[in-house]
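Visitor: I would like a close look at one small part of this model. Could you take me through it step by step?

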Amino acid sequence: MTIGRSVALFVVAAVFEIGGAWLVWQGIREHKGWISIGAGVIALGLYGVVATLQSDDNFGRILAAYGGIFVAGSIAWGMVADDYRPDRYDVIGALVCLAGMAVIMYAPRSH
């Protein structure tokens, strides 16, 4: 699997997980109702499916690496969906997480 395809899968997984959690949040905290909650639960399930499409066989490695995408994606989602404005420490932290993700997932390994 190419790095590009792997990154694309991580991004799709992030949209499903972050979007699903946001929909549940909207349903409960913002009183948007059960349709929002149900859509969120479905999206969270799809996140789990997309995560299995990574070529690496190590569940822990994939989920650990995905954590970096989740951190950066959550900040980006907040900016778009909730008008959140990250400060420099949010940005630095997200970049550190993305660097960690790249090391965990794409470092050359002897198998």
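Visitor: Which backbone nitrogen lies 2.7 Å from a polar atom of the side chain of D56?

Guide: Happy to help, and please keep in mind that this is a predicted model. The backbone nitrogen in question belongs to N58, at 2.7 Å from a polar atom of the D56 side chain. To place this on the chain, D56 sits in the loop that runs between helix 2 (34-51) and helix 3 (59-82). Its side chain has another partner as well: the side chains of D56 and R61 are joined by a polar contact of 2.9 Å. As for exposure, D56 has a relative accessible area of 18%, and because buried means under 20%, D56 counts as buried. Leaving aside residues up to four places away in sequence, D56 touches R61, I62 and M105.

One of these neighbours leads us on to the empty space inside the model. I62 is touched by D56, and I62 is also among the residues that line the largest cavity. A search of the whole structure finds 1 cavity of 30 Å³ or more, and the largest cavity holds about 40 Å³ of space. Its lining also includes L9, F10, Y47, Q54 and Y66. Helix 1 (3-29), helix 2 and helix 3 each contribute at least two residues to that lining. In character, the lining residues comprise 9 nonpolar and 1 polar, with no charged residue. So I62 is the link in this tour, because it is touched by D56 and lines the largest cavity.

Note on methods
Residues are numbered from 1 along each chain as its sequence is written. This is a predicted model: local features need pLDDT of at least 70, side-chain atom pairs count only at pLDDT 80 or more; totals for chains, interfaces and linings use all residues. Side-chain values use heavy atoms; hydrogens and water are left out. Helices (H or I, at least four residues) and strands (E, at least two) are DSSP runs, numbered from the N terminus. Buried means under 20% relative accessible area, exposed over 50%, partly exposed in between (1.4 Å probe, protein chains only). A polar contact is a pair of N or O atoms within 3.5 Å; within protein, one must be able to donate a hydrogen and the other to accept it, and residues adjacent in sequence count only if both atoms are side-chain atoms. Contact means heavy atoms within 4.5 Å. On a 1 Å grid over the protein atoms alone, a cavity is a set of points where a 1.4 Å probe fits but cannot get out, and a pocket is an open set with protein on both sides within 12 Å along at least five of seven lines; lining residues have an atom within 4 Å of a point. Grid points are joined across faces, edges and corners, and a volume is the space filled by probe spheres set on the points. Ala, Val, Leu, Ile, Met, Phe, Trp, Tyr, Cys and Pro count as nonpolar, Asp, Glu, Lys and Arg as charged, and the others, Gly among them, as polar.
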